[in-house]
There are 2 protein chains.
Amino acid sequence: MDYGGNSGSDRVALEKMRRPYLEKHQVLDSSKLESQSPFELWKAWFDQASQVISEMGSPNEPNQMALATATRDGRPSLRYLLLKGHDETGFYFYTNYNSRKGKELV
Amino acid sequence: MDYGGNSGSDRVALEKMRRPYLEKHQVLDSSKLESQSPFELWKAWFDQASQVISEMGSPNEPNQMALATATRDGRPSLRYLLLKGHDETGFYFYTNYNSRKGKELV
């Protein structure tokens with residue numbers, strides 16, 4: 001593959017790659033959310049996403065999540081992993097204490 | 001909605017919510033990647049993802065990405081945004097210099 005980035009028409013295509021969010025019924029109105037609790041709202045959205053993914057047979061996993069950590073001097077890193085549980089205290093995932101994220105979170 | 005977390009059978013369901021990755025043809029073998037260049041590999045995977053999303057009519061956006069930043073004392077934050085371009089020097093997105101990510105990146 002000849003990699004030269006997406007100059008010219010490709011660049012324009014990627015810049016315009018955005019779904020229209022602004023139809024009236026699609027605007028996010030905080031007063032009309034399923035819940036004002038971030039945990040309840042997350043659960044409602046998670047259930048919606050799970051259903052869409054299941055119905056489409058999509059290769060996506062609804063419990064995929066991004067986790068950011070940072071070193072003490074402010075260098076961030078980020079990785080995707082799978083959500084493994086949740087309750088009123090927060091969200092659970094599995095890792096290894098010796099991994100980069102494990103060390104940065106301790 | 002009564003939010004009590006996902007104790008009991010729900011918890012088990014979420015823990016087990018994982019697709020099998022380990023069929024032989026699905027194992028990620030670094031010697032068989034489309035390219036050894038991370039930029040070329042990203043482009044190949046991006047094109048694959050775009051095609052799958054387009055064919056399924058999925059609500060996903062192939063150019064969505066997660067961006068982590070951190071304060072100088074190591075407090076990370078993360079948000080999703082849209083990739084707007086790429087070339088051999090890196091990936092481009094749009095933000096505001098006065099936003100949290102804008103300030104933390106300066």
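**Exercise 1. The pair B:Lys43 and B:Asp47**

Task: Classify B:Asp47 as buried, partly exposed or exposed, and state how its side chain meets that of B:Lys43.

Solution.
1. In this predicted model, B:Asp47 has a relative accessible area of 36%. Partly exposed covers the range between under 20% and over 50%, so B:Asp47 is partly exposed.
2. B:Lys43 has 16% relative accessibility and therefore counts as buried.
3. The two side chains form a salt bridge, with an N to O distance of 2.9 Å.
4. B:Lys43 and B:Asp47 both belong to helix H2 (residues 38-56) of chain B; because they are four residues apart there, about one helical turn separates them.

**Exercise 2. Two further salt bridges**

Task: How many salt bridges does the structure hold over all chains? Describe the one between B:Glu104 and B:Arg100 and the one between A:Asp29 and A:Lys32.

Solution.
1. Over all chains there are six salt bridges.
2. In one of them, the closest N and O atoms of B:Glu104 and B:Arg100 are 3.9 Å apart. The cut-off for a salt bridge is 4 Å, so this pair is accepted.
3. Helix H3 (residues 100-105) of chain B holds both residues, four residues apart, about one turn of the helix.
4. B:Glu104 is partly exposed at 22%, and B:Arg100 is exposed at 54%.
5. In chain A, the side chains of A:Asp29 and A:Lys32 are joined by a salt bridge of 3.8 Å, N to O.
6. A:Asp29 is partly exposed at 30% relative accessibility, while A:Lys32 is exposed at 67%.

**Exercise 3. The surroundings of A:Glu104**

Task: Which residues does A:Glu104 touch, not counting those up to four places away in sequence, and what polar contact does its side chain make with that of A:Thr69?

Solution.
1. A:Glu104 sits in helix H3 (residues 100-105) of chain A and is partly exposed, with a relative accessible area of 23%.
2. Beyond four places in sequence, A:Glu104 touches A:Thr69, A:Ala70, A:Thr71 and A:Ser77.
3. A:Thr69 is 35 residues away from A:Glu104 in sequence, yet the C-alpha atoms are 6.3 Å apart.
4. The side chains of A:Glu104 and A:Thr69 make a polar contact of 2.6 Å.
5. A polar atom of the A:Glu104 side chain also lies 3.3 Å from the backbone nitrogen of A:Ala70.

**Exercise 4. The interface of chains A and B**

Task: What area is buried between chain A and chain B, and which element gives the largest share of the side of chain A that touches chain B?

Solution.
1. On each side 50 residues take part: 50 of chain A are in contact with 50 of chain B.
2. About 4,100 Å² is buried between the chains, 58% of it from carbon and sulfur atoms.
3. The rule finds zero salt bridges across this interface, and zero residue pairs in polar contact with both residues at pLDDT 80 or more.
4. The elements of chain A that give two or more residues to the side touching chain B are helix H1 (9-15), helix H2 (38-56), strand S1 (64-70), strand S2 (76-82) and strand S3 (85-87).
5. H2(A) gives the largest share, eight residues.

**Exercise 5. A patch made by both chains**

Task: Which residues make the nonpolar surface patch of about 320 Å², and where does B:Tyr80 lie?

Solution.
1. A:Tyr80, B:Leu78 and B:Tyr80 make the patch.
2. B:Tyr80 is found in strand S2 (residues 76-82) of chain B.
3. With 49% relative accessibility, B:Tyr80 is partly exposed, because exposed requires over 50%.

Technical notes. Residues are numbered from 1 along each chain as its sequence is written. Chains are lettered from A and ligands numbered from 1 in the order in which they are written. This is a predicted model: local features need pLDDT of at least 70, side-chain atom pairs count only at pLDDT 80 or more; totals for chains, interfaces and linings use all residues. Side-chain values use heavy atoms; hydrogens and water are left out. Patches are made of residues with over 30% relative accessible area and no salt bridge: like charges are joined within 9 Å, nonpolar side chains (Val, Leu, Ile, Met, Phe, Trp, Tyr) within 5 Å. Accessible areas come from the Shrake-Rupley method with a 1.4 Å probe; for residues, only the protein chains shown count as cover. Buried means under 20% relative accessible area, exposed over 50%, partly exposed in between (1.4 Å probe, protein chains only). Contact means heavy atoms within 4.5 Å. Buried area is the accessible area (1.4 Å probe) that two parts lose on being put together, summed over both. A polar contact is a pair of N or O atoms within 3.5 Å; within protein, one must be able to donate a hydrogen and the other to accept it, and residues adjacent in sequence count only if both atoms are side-chain atoms.
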